[in-house]
Amino acid sequence: MSKKTLILAAALMALATPALAGSVENLERERSGLVSTMLAPDLSPGERQESLAAGQRRLVDLERMVLRDKTLSGRETTAVRMAFANYDLTFLVLASGEKNLSLTDHWLEQMGLSTETLQNARKGRR
Amino acid sequence: MNRTSTALAALLVFCAAQAAQASIATWQPQASEKLVRMQPTYIAKALDRDFSASDLGTALADVNGKIKGKAATIADLKDAAEHAAGETKIELRHQMLAEKKEYLGLIGEQQDLRRRHAKTKMRVYGEMLRKLSRSNNLRETEAGGELVQKQSEARKRFLKSSDAVDLKLFGQTTAPTSKYSAEYAKNVAVIEQLLSAINTHPMNAGAEIDGQPVSKEEFLRQQVAKAETEASLIDQEAQIVGYMAKLVSLDAAALSDDLASSGDGEEGAAGEDGEASPDGVADAVSMFIPE
């Protein structure tokens, strides 16, 4: 077998390797990006709003894809189990829309970060 | 009497040699993961193929061939004895007795091989059934059932709130889809088409019993039951062979008697009709019962 053929075969094999990007993984990636945007200290309120709006549209598509993905049914992987363990935390856009809250308010609520808890927070030793 | 004893001794030695050869013939299939994962119809075919290629399969095929040959010989001898007279007739009767004894020896050997075949099948199918049950239990764990339930609840919740979310996000109930989701939906449709083609492919056909589709587990249970039934039939056939052997020894005694009383050879051979080689033991009964 010539060197060229070997290289071509190796390249084809690499292409044939399935990418580790299922619908759940894509959703997780997009959601983590959106949460980072929510918490980014260097963004102005306007920039943050614009970024979040665009991100929400992308995120809602991915959330729908995960919910409609029949191949996930009963699939016992950690990612899938954790994704469906908490609907409100996984499907942020859908859940916030249900409750008529903004995405940020909904996420903070899920994290247990309300105005009251933040106001009562104290710095000190455990 | 001397001739009979010599014939019997020779027969015993011959049968011992044959039995020794058949007793070392083995078949040791394993219930591998690969076999368990096959389609049910292919499991049965794969095992049959493996058996045919094994020592046990070869020995059984060999014995079956010898049995057919022996039955043909007995039929020929019967036919000849009917038309013979005097010393020739006695000689033919004597030969027929010897052939019948050899025939019964071969039948016994065949039954032993078939019994081993049936017991091995029971063991292998039983192992496959246990492996399949174990892997089914792992798949249907409590967590798995819980996950499916959560997924179902999530879908219901999504369907209930989908319009409200679209209204909030896009100001309309019909949300525009992005290019990515359109491509994704197209790919999902293609995947479903391919899966459907795979499921309906004739080579992927599931097991059927009496025309009814059955699960792999049920199919394997049926195979175990079939092998058990086969083993019981073999035991019953062994009883038949026992009675045939008794008849042969009575025929031998009758021949000795005839020879002792100046052997007029007038007694005809047992009036069996010259049948063609029988296949089963029960079919061979006419070779042993006089009319």
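**Close-ups of a predicted two-chain model**

**View 1. A salt bridge along helix H8 of chain B.** In this close-up, the side chains of B:Glu218 and B:Arg221 pair up in a salt bridge, with 3.8 Å from N to O. We're looking at a predicted model here, as in every view below. The two partners sit 3 residues apart in helix H8 (residues 216–260) of chain B, so about one helical turn separates them. Neither end is tucked away: B:Glu218 comes out as partly exposed at 30% relative accessibility, and B:Arg221 is partly exposed too, with a relative accessible area of 40%.

**View 2. A salt bridge along helix H2 of chain A.** Here A:Glu28 and A:Arg31 bring their side chains together in a salt bridge of 2.8 Å, N to O. About one helical turn lies between them, because they are 3 residues apart in helix H2 of chain A. Buried or exposed, what is A:Arg31? With a relative accessible area of 15%, A:Arg31 falls under the 20% cut-off and is buried. A:Glu28, at 27%, is partly exposed.

**View 3. A salt bridge from chain A to chain B.** Now for a pair that crosses over: the side chains of A:Glu98 and B:Arg157 meet in a salt bridge, 2.9 Å from N to O. A:Glu98 belongs to helix H6 (residues 92–99) of chain A and B:Arg157 to helix H6 of chain B, so this pair joins two chains. Both ends are partly exposed, A:Glu98 at 31% relative accessibility and B:Arg157 with a relative accessible area of 23%. Zoom out a little and the pair turns out to be part of a network of salt bridges that links A:Asp88, A:Glu98, A:Lys99 and B:Arg157. Side chains of opposite charge can pair when their charged atoms come close. The count between chain A and chain B is 2 salt bridges, while over all chains it comes to 18.

**View 4. Where chain A meets chain B.** How many residues of each chain are in contact? On the chain A side there are 34, and they touch 22 residues of chain B. Together the two chains bury about 2,500 Å², with 59% of that area on carbon and sulfur atoms. In chain A, the residues that lose the most area to chain B are A:Arg64, A:Met65 and A:Phe84, which together make up 23% of what that side buries.

**View 5. The largest pocket.** This pocket holds about 650 Å³ of space. Its lining runs to 30 residues, and those nearest the centre are A:Met65, A:Arg68, A:Asp69, B:Tyr184 and B:Val188. Both chains chip in: helix H2 (23–39) and helix H3 (45–68) of chain A, plus helix H6 (142–170) and helix H7 (179–200) of chain B, each supply at least two lining residues. Which helix gives the largest share? That's H7(B), with 11 residues. By type, the lining splits into 12 nonpolar, 8 polar and 10 charged residues.

**View 6. A glycine in helix H4 of chain B.** The last close-up centres on B:Gly69, found in helix H4 (residues 55–83) of chain B. B:Gly69 is partly exposed, with a relative accessible area of 34%. Also in the frame is B:Tyr103: the two residues are 34 residues apart in sequence, with 9.4 Å between their C-alpha atoms in space.

Note on methods: Residues numbered from 1 in each chain as written. Chains lettered and ligands numbered in written order. Predicted model: local features only at pLDDT ≥ 70, side-chain atom pairs only at ≥ 80, totals over all residues. Heavy atoms only, no water. Helix = DSSP H or I, 4+ residues; strand = E, 2+ residues; numbered from the N terminus. Buried < 20%, exposed > 50% of the residue type's maximum accessible area, 1.4 Å probe, protein only. 1 Å grid on protein atoms, 1.4 Å probe; cavity = no way out; pocket = protein on both sides within 12 Å on 5 of 7 lines; lining within 4 Å. Points joined across faces, edges and corners; volume = space filled by probe spheres on them. Nonpolar A, V, L, I, M, F, W, Y, C, P; charged D, E, K, R; others polar. Contact = heavy atoms within 4.5 Å. Buried area = accessible area lost by both parts, 1.4 Å probe. Salt bridge = Lys/Arg side-chain N within 4 Å of Asp/Glu carboxyl O.
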